[in-house]
Number of protein chains: 2
Amino acid sequence: MLNFDFYAPTRIIFGKDTENEIGALLKPHAKKVLLHYGGGSIKKSGLYDRVTAALKASGIAFVELGGVKPNPRLSLAHEGIALCRKEEVDLILAVGGGSVIDSAKAIAMGVYYDGDVWDMYHDGRPIEKAVPVATILTIPAAGSESSGDTVITNEEKALKYGYGSPHLRPLLSIMNPELFFTLPKEQLGYGVADMMSHIFERYFTNTTNTDLTDGLCEATLKTLMKNALPAKENMSDYNAWAELGFAGTVAHNGLLGMGREQDWACHDMEHELSAIYDVPHGAGLAVVTPGWMQHVYKENVGMFVQFAVNVMGVEASFRDPDAIVQEGIRRLREFFVKLGLPATLSELGIGEDRLEEMAKKATKAAFGNERPLGGLKPLYWQDVLAIYNLVK
Amino acid sequence: MLNFDFYAPTRIIFGKDTENEIGALLKPHAKKVLLHYGGGSIKKSGLYDRVTAALKASGIAFVELGGVKPNPRLSLAHEGIALCRKEEVDLILAVGGGSVIDSAKAIAMGVYYDGDVWDMYHDGRPIEKAVPVATILTIPAAGSESSGDTVITNEEKALKYGYGSPHLRPLLSIMNPELFFTLPKEQLGYGVADMMSHIFERYFTNTTNTDLTDGLCEATLKTLMKNALPAKENMSDYNAWAELGFAGTVAHNGLLGMGREQDWACHDMEHELSAIYDVPHGAGLAVVTPGWMQHVYKENVGMFVQFAVNVMGVEASFRDPDAIVQEGIRRLREFFVKLGLPATLSELGIGEDRLEEMAKKATKAAFGNERPLGGLKPLYWQDVLAIYNLVK
């Protein structure tokens with residue numbers, strides 16, 4: 001186990017009707033909030049009315065900025081930063097999924113920065129403070145409701161970069177599984193693939209003596225796999241959504257990666273797909289991940305046997321580790337397909353013509369500054385291209 | 001799954017040499033601290049010197065209060081409260097195990113309360129604030145380094161009561177597994193029994209649809225059981241202690257009990273033993289817990305079969321649930337004995353003469369105000385007496 005520093009102060013208020021508590025919860029922290037959201041779905045569902053009623057009942061003023069799109073745009077964050085400054089907002093309330101929350105975090109740190117907030121994403125520049133963010137989660141997937149991470153797409157440059165800071169951990173997050181009932185069915189699959197990937201990125205490691213986090217990762221993965229198909233079958237299954245939502249938060253608050261060298265190559269490879277083709281993040285991950293496993297598993301066969309046996313339920317025959325790993329990967333791909341997720345780049349509408357460009361951008365080789373991706377096995381642009389080709 | 005509110009803001013700094021960072025870590029939070037500790041062990045080991053050097057290097061002034069005993073005493077907390085007021089201390093640094101940290105928390109809330117801090121323990125009176133507490137953990141057991149809980153013994157009244165508040169969650173806790181190498185060997189067993197009990201109290205529940213926390217509980221229990229005997233074999237086994245220490249914090253920061261009705265009868269029954277006979281808390285728990293399981297399991301056989309199969313590795317034969325449960329309890333008792341823990345009250349030097357008195361005190365029947373213990377099965381004083389008799 002490696003030394004670590006764990007800090008996950010976000011308060012999680014979980015369960016039925018909890019969104020109605022938002023006014024009382026924010027009252028000690030804010031006089032005026034920016035209500036940040038996506039398209040019209042929170043207005044159609046009535047959530048917007050409940051949230052604004054709760055704010056008004058607690059005497060909290062608010063201004064609004066809607067219009068966040070999946071793969072949230074830098075330009076809207078710029079707009080939010082200007083609005084927060086002008087209106088002297090003291091808290092940002094993100095009502096939505098990961099895109100809305102990530103956009104809120106970009107605004108939150110941009111308010112206190114004189115330059116372009118893109119500098120943080122581009123240069124990893126540290127921040128000293130940010131406007132507090134609270135969230136009401138409507139899509140369990142990104143884990144942004146309890147993480148200090150944010151991902152933004154610079155649409156002018158077709159670049160999608162991530163950034164993280166403890167100052168971006170939300171103050172509190174409300175999670176009512178009933179809010180997930182009305183999601184489009186494909187969002188379920190995207191979300192589950194994203195949540196599983198957050199665990200995979202931490203789980204697959206060369207660090208040894210990691211019993212506790214191995215076990216916590218495996219338990220969380222199994223919970224996601226057990227409950228995903230029932231939720232898909234019946235989109236109003238409260239219990240299944242409760243498990244998925246809670247698991248999504250545990251998957252990404254940092255705990256499962258403590259003391260382990262982490263990977264994150266699949267996220268980096270997927271970000272290139274989304275930046276150029278604007279595909280859903282979870283769909284891209286479902287395609288890339290099994291290819292990544294195939295390409296890297298020989299680096300640490302024991303780790304992948306453990307995954308196949310402890311997570312995918314493959315029988316541990318002990319004599320043929322490669323066969324066990326192959327069966328584990330096959331079952332994962334099969335699970336994703338059952339969830340309605342794509343298995344190939346071509347299903348995502350991604351042809352072969354820009355694979356090399358994406359491989360070189362992902363590794364920054366395109367910018368003359370190559371940094372291999374991943375932790376378990378360092379991936380150069382040729383590796384990334386090989387993985388894209390495995391799943392084309 | 002029940003609605004829940006999860007808040008565990010304590011920052012955990014984990015690993016080799018981390019105690020030397022204490023000055024830098026506290027610098028933004030404190031000008032003058034109360035250094036609170038137990039007997040002389042931190043002086044003998046050199047830890048005291050390293051900690052005070054780190055404080056001095058960061059220009060943090062300190063006053064000292066040593067002398068905390070296992071089952072920490074109210075009278076010493078009174079002394080600490082007076083000292084903190086007189087010296088205008090703005091943070092309490094607890095260097096020790098659960099007793100030292102619990103004592104620090106009593107002081108922390110007492111400083112801001114005009115009456116006797118015992119009122120909180122006795123009446124459950126809520127608090128609005130407390131002096132911040134930081135910890136350097138020397139015994140993995142109580143989980144107090146990441147919880148908002150404290151237990152104090154009123155030695156005049158021979159009462160041992162607990163209290164909890166979010167305001168008592170430590171600001172930060174340092175955990176260096178190397179500090180555990182010099183513990184007396186019996187402390188290992190006491191600690192493991194305590195940590196396992198913190199999970200049992202949350203795990204055994206009648207709440208259904210608890211996949212995630214079931215799995216997290218089971219993974220943490222298995223980690224403790226896997227690493228306890230290797231650490232006992234070689235008290236300098238860093239990796240084993242790292243797992244035990246990390247698991248002990250996860251066991252008690254609240255996560256594993258979220259969305260579940262919890263139990264806590266074994267802790268309440270043990271507190272009576274410690275209050276009167278001053279036995280080590282973990283030793284008392286090792287005795288009481290298998291008796292409790294035996295007395296209550298028929299209330300929820302499925303839960304105990306799950307425990308036997310998923311945690312204790314009993315084969316799931318499906319046809320005879322009682323036999324599976326019995327084998328699970330037998331294996332748990334056997335594990336405790338291997339760790340050097342007692343299996344009966346008589347091994348703790350507790351005779352039969354005061355069992356009824358303790359049963360009536362534990363349930364408050366002795367005070368004409370009976371409140372049954374537990375969640376899985378409500379225990380009246382007759383039940384508690386029956387359990388004591390099962391393990392006498």
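The questions and answers below concern a predicted model with chains A and B.

Q: How many disulfides does a search of the whole structure find?
A: A disulfide needs two cysteine sulfur atoms within 2.5 Å. For A:Cys266, the nearest cysteine sulfur belongs to A:Cys217 and is 14 Å away. Over all chains, the number of disulfides found is zero.

Q: Why is B:Cys217 not bonded to the closest cysteine sulfur, and in which residue does that sulfur lie?
A: A disulfide is a covalent bond between the sulfur atoms of two cysteines. The sulfur of B:Cys217 is 15 Å from its closest cysteine sulfur, and no bond is made because that is too far. The residue holding that closest sulfur is B:Cys266.

Q: Is A:Cys266 buried or exposed?
A: A residue counts as buried under 20% relative accessible area. The relative accessibility of A:Cys266 is 3%, so A:Cys266 is buried.

Q: Is B:Cys217 buried or exposed?
A: The limit for a buried residue is under 20% relative accessible area. B:Cys217 has a relative accessibility of 0%, and therefore counts as buried.

Q: Which strands are the edge strands of the sheet with the order E4(A)-E3(A)-E5(A)-E6(A)-E9(A)-E2(A)-E1(B)?
A: This sheet is open, with seven strands and mixed pairing. An edge strand here pairs on one side only. The two are strand E4 (61-65) of chain A and strand E1 (4-6) of chain B.

Q: In E6(A), what is the bridge partner of A:Gly96?
A: Strand E5 (residues 91-96) of chain A pairs with strand E6 (residues 133-137) of chain A in the parallel sense, over five bridges. In E6(A), the residue bridged to A:Gly96 is A:Leu137.

Q: At about what angle to E5(A) does helix H5 of chain A run?
A: Helix H5 of chain A covers residues 98-110. It lies across strand E3 (32-37), E4, E5 and E6 of chain A. Relative to E5(A), its direction is at about 165°.

Q: In the sheet ordered E1(A)-E2(B)-E9(B)-E6(B)-E5(B)-E3(B)-E4(B), by how much are neighbouring strands turned against each other on average?
A: Seven strands make up this open sheet, and the pairing is mixed. Its edges are strand E1 (4-6) of chain A and strand E4 (61-65) of chain B. With direction ignored, the average turn between neighbouring strands is 15°.

Q: Which residue in E2(B) is the bridge partner of A:Phe6?
A: E1(A) pairs with strand E2 (residues 11-14) of chain B in the antiparallel sense, over three bridges. In E2(B), the partner of A:Phe6 is B:Ile12.

Q: Which helix of chain B lies across E1 of chain A together with E2 and strand E9 (172-175) of chain B?
A: The helix in question spans residues 238-252. Its direction is at about 175° to E2(B). The helix is H9.

Q: What is the area buried between chain A and chain B?
A: The contact takes 37 residues from chain A and 37 residues from chain B. Carbon and sulfur atoms give 58% of the buried area. That area is about 3,300 Å².

Q: Which residue meets A:Lys226 in a salt bridge?
A: There are four salt bridges between chain A and chain B. In the salt bridge of A:Lys226, the N to O distance is 2.9 Å. The partner side chain is that of B:Asp211.

Q: Is A:His271 buried or exposed?
A: A:His271 lies in helix H10 (residues 265-277) of chain A. Not counting residues up to four places away in sequence, it touches A:Val151, A:Lys160 and A:His281. At 10% relative accessibility, A:His271 counts as buried.

Terms used
Residues are numbered from 1 along each chain as its sequence is written. Chains are lettered from A and ligands numbered from 1 in the order in which they are written. This is a predicted model: local features need pLDDT of at least 70, side-chain atom pairs count only at pLDDT 80 or more; totals for chains, interfaces and linings use all residues. Side-chain values use heavy atoms; hydrogens and water are left out. Buried means under 20% relative accessible area, exposed over 50%, partly exposed in between (1.4 Å probe, protein chains only). Two strands pair if DSSP finds at least two bridges between them. Helices (H or I, at least four residues) and strands (E, at least two) are DSSP runs, numbered from the N terminus. Contact means heavy atoms within 4.5 Å. Axes are lines fitted to C-alpha atoms, for helices over the stretch in contact, and angles run from 0 to 180 degrees between N-to-C directions. Buried area is the accessible area (1.4 Å probe) that two parts lose on being put together, summed over both.
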